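These are my notebook entries on one strand, its partners and a pocket. The structure I consulted is shown here.

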Amino acid sequence: MARFVGFDNVAADHAIPPAAFLLGDGQPLRTVKLVEPRVEGCRVVVAGDGGDWVLSLSARELAAQPYPQRGGRLAVGVDRAALLRW
């Protein structure tokens, strides 16, 4: 059901809304598996906890850190309080 309403990051008991992702200093380094440039930024797939995470990064978010490269590392965490649980 969660995929139907537009969430990319869905597990058996929760979904990770885009606003729950935390980028930058202090976050765990994740391996970048895919980078797809988009007009408004890029779509990035990283190895997350329990599976891949899909992130849509805006031009502003990209400007604040080195541009992600496949096989590189990106500092990404999750605000666990912001997860949508069922």
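I looked up burial along strand S6 (residues 73–78; strands are DSSP runs of E with at least two residues, and helices runs of H or I with at least four, numbered from the N terminus) and found five of its six residues buried, so S6 is largely enclosed by the rest of the structure. Buried here denotes under 20% relative accessible area, exposed over 50%, and partly exposed in between, with a 1.4 Å probe and protein chains only. I note that this is a predicted model, in which local features need pLDDT of at least 70 and side-chain atom pairs count only at pLDDT 80 or more, while totals for chains, interfaces and linings use all residues. Residues are numbered from 1 along each chain as its sequence is written, and side-chain values use heavy atoms, without hydrogens and water.

I next looked up the partners of S6, taking strands as paired if DSSP finds at least two bridges between them. S2 pairs with S6 in the antiparallel sense over three bridges, and Leu23 has Val76 as its bridge partner in S6. Strand S3 (residues 29–38) also runs antiparallel to S6, joined by three bridges; Leu29 stands opposite Ala75.

I then turned to the lining of the largest pocket. A pocket is an open set of points on a 1 Å grid over the protein atoms alone where a 1.4 Å probe fits, with protein on both sides within 12 Å along at least five of seven lines; lining residues have an atom within 4 Å of a point. I recorded 13 lining residues, with Pro18, Phe21, Val54, Leu55 and Ser56 nearest the centre. Strands S2 (21–23) and S5 (51–58) are the elements that each give two or more residues to this lining, and S5 gives the most, with four.
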